[in-house]
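Colleague: I have just opened this entry and would love a close look at a single part of it. Please pick one strand, start from its pairing, and then show me the surroundings.

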Amino acid sequence: MHVPNLHLLPQTHLKNVLSHPASIRLVKNKIENGKRIFQIDALVGKGYQQMWFNEDTLLIKMEILRASSVYGDGMRIYEFLNYKKIQGIAFPSIVHHTNSNSVFGEAINTYYINETTVETESTGLMLKWNELPAAKQPKRVYNEIVKLAENIYMIENITNSSGYTTYNILFAEFENFILVAEAQLNNAFSEKVIKKIKEFLPGKEIRYIVQTHHHNDHIGGIRGYVAEGSKIVTTPGNVELVKRIAKAPFNLSPDRLAKEPREPVFEIVTNKKLLIEDNIQSAVVIDIGPTPHSNEMLVIYFPKQGLLFQSDMTMYGGWPLNSEITKFFVSKLKELNLTINTIVGSHAGVIKGNNVEKLLKGELADPF
Ligand SMILES: [Zn+2]
């Protein structure tokens with residue numbers, strides 16, 4: 001079956017519910033306005049799910065109360081309307097979908113399913129899968145602290161990925177404090193990362209968390225740093241978003257900030273640049289936006305070490321290096337005219353020495 005969004009099909013949800021059989025309860029079975037209605041509730045993972053079925057036992061409405069690890073408590077409502085039978089299987093032809101949380105408010109969409117076909121035979125391609133050569137997968141260490149340069153470190157591959165995309169955290173040591181980039185994925189990761197950094201550099205506070213841009217996989221763990229009391233280094237466009245995430249209710253799945261509420265503190269990059277320095281370390285936070293990836297985009301340049309940290313602008317052993325975004329990034333680096341010997345990414349591998357020159361000439365090839 002070729003359906004772009006499987007969550008729009010009642011079958012997907014019924015399959016999820018049936019995988020949690022012990023939680024299924026028949027709450028209501030009665031005639032309402034001359035029609036029989038069944039209500040069934042279930043606990044699917046950490047989500048509380050209420051479902052209403054009609055007299056033909058077709059799912060017509062569903063509400064899911066669920067916690068997002070980034071945006072907190074939220075609700076999804078589905079209405080499945082105008083069922084049609086195609087090859088003996090019932091499909092709705094209209095799906096109303098409402099997704100709401102306190103960060104983004106309410107998003108309401110209506111989908112029309114016009115053409116539905118059911119494939120009953122597997123295609124020839126499936127039979128040949130095991131004959132295909134295996135892709136070369138980059139080998140990564142897992143969650144290890146790697147020294148990148150004097151007083152600059154990276155926690156490599158916090159997600160234990162062997163694939164092309166990994167998540168890396170950079171942290172830089174100053175005389176009395178630490179700067180971290182960035183709060184990736186969600187708060188569970190942030191809490192582990194904060195603990196690991198504080199064990200590695202005991203007695204120093206994490207004073208700054210630098211957020212390059214607003215995408216959820218990069219900013220998803222920001223609540224952990226708000227709870228830590230770190231200053232959030234970001235661009236003006238993200239202030240409202242961070243405030244909303246910090247205020248979001250996390251009653252279904254309380255994190256540290258839910259237990260120890262605190263207001264976020266900001267250090268906003270205005271006029272494209274912010275300098276953070278003391279006797280041993282210097283970091284220049286630069287907004288290189290607008291970029292093809294996001295309007296505001298921070299990079300961190302460490303002039304003493306000639307090291308630059310970036311997110312999503314290029315991925316060595318990730319995205320193709322000839323992408324429009326990487327081309328933009330290279331032109332921006334030339335314009336900034338910085339002396340760089342190392343480029344560290346929040347994803348994928350480190351670009352060093354000769355490879356930095358190759359990247360600038362557009363000649364750097366994928367390492368795998
Ligand atoms: Zn992004």
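Modeller: Happy to! Two strands pair if DSSP finds at least two bridges between them. Strand β3 is my choice, in what is a predicted model. β3 and strand β4 (residues 59–68) run antiparallel and are joined by 6 bridges. Within that pairing, Tyr48 has Leu65 of β4 as its bridge partner. The two strands make a hairpin with 5 residues between them, where Thr57 has a positive phi near 55°.

On to the pairing with β2. Strand β2 (residues 35–44) runs antiparallel to β3 (residues 47–53), and 7 bridges join them. This is a hairpin too, with 2 residues between β2 and β3, and Gly45 in the turn shows a positive phi of about 65°. The bridge partner of Phe38 in β3 is Phe53, and the C-alpha atoms of these two residues are 5.1 Å apart although 15 residues separate them along the chain.

Phe53 deserves a closer look. This residue belongs to strand β3, and it counts as buried because it has 20 C-beta neighbours inside 10 Å, where the cut-off is 20 or more. If you set aside neighbours within four places in sequence, the contacts of Phe53 are Phe38, Ile40, Leu58, Leu59 and Ile60.

How does the rest of the protein look? There are 9 helices and 20 strands, and the C-alpha atoms fill a box of roughly 80 × 55 × 35 Å along the principal axes. Of the 368 residues, 34% count as buried. Among contacts with a separation of 6 or more, 53% come from residues 24 or more positions apart.

The protein is divided into domain 1 (6–131) and domain 2 (144–360). Their centres, taken over C-alpha atoms, are 38 Å apart. Domain 1 brings 10 residues to the contact and domain 2 brings 14. On the side of domain 1 that touches domain 2, there are 4 nonpolar, 4 polar and 2 charged residues.

For comparison with β3 and its partners, here are two open sheets. One has 7 strands in the order β8-β9-β10-β11-β12-β13-β14, with mixed pairing. Its edge strands are β8 (144–149) and β14 (265–268), each pairing on one side only, and the twist from one strand to the next averages 25°. Inside this sheet, β11 (residues 177–181) pairs with β12 (residues 205–210) in the parallel sense over 5 bridges, and Phe177 stands opposite Glu205 in β12.

The other sheet has 6 strands, ordered β15-β16-β17-β18-β19-β20, and its pairing is mixed as well. At its edges are β15 (273–277) and β20 (351–352), each pairing on one side only. Here β18 (residues 307–310) and β19 (residues 342–345) pair in the parallel sense over 4 bridges, with Leu308 opposite Ile343 in β19.

The loops hold some backbone features worth inspecting. Most residues other than glycine have a negative phi, and most peptide bonds are trans. Asn157, which is not a glycine, has a positive phi of about 60°. Asn157 sits in the loop between β9 (152–156) and β10 (169–173), and it is buried because 22 other C-beta atoms lie within 10 Å. Asp312 is not a glycine either, yet its phi is positive at about 65°. The loop between β18 and α8 (324–336) holds Asp312, and this residue is buried, with 22 other C-beta atoms within 10 Å.

Two peptide bonds are also worth a look. The bond from Ala181 to Glu182 is cis, with omega near -10°; Glu182 is placed in the loop between β11 and α3 (187–200). A cis bond also joins Gly289 and Pro290, with omega about 0°, and Pro290 is in the loop between β16 (282–287) and β17 (298–302).

Lastly, a word on confidence. The mean pLDDT of the protein is 90, with 93% of residues reaching 70 or more. Residues 122–127 are a stretch to read with care: their pLDDT is below 50, and beyond near neighbours in sequence the stretch has 0 contacts in the model.

Conventions. Residues numbered from 1 in each chain as written. Predicted model: local features only at pLDDT ≥ 70, side-chain atom pairs only at ≥ 80, totals over all residues. Domains from an automatic or database assignment. Contact = placed C-beta atoms within 7 Å. Nonpolar A, V, L, I, M, F, W, Y, C, P; charged D, E, K, R; others polar. Axes fitted to C-alpha atoms, helices over the stretch in contact; angles between N-to-C directions. pLDDT = per-residue confidence, 0-100. Buried ≥ 20, exposed ≤ 12 C-beta atoms within 10 Å, placed from the backbone.
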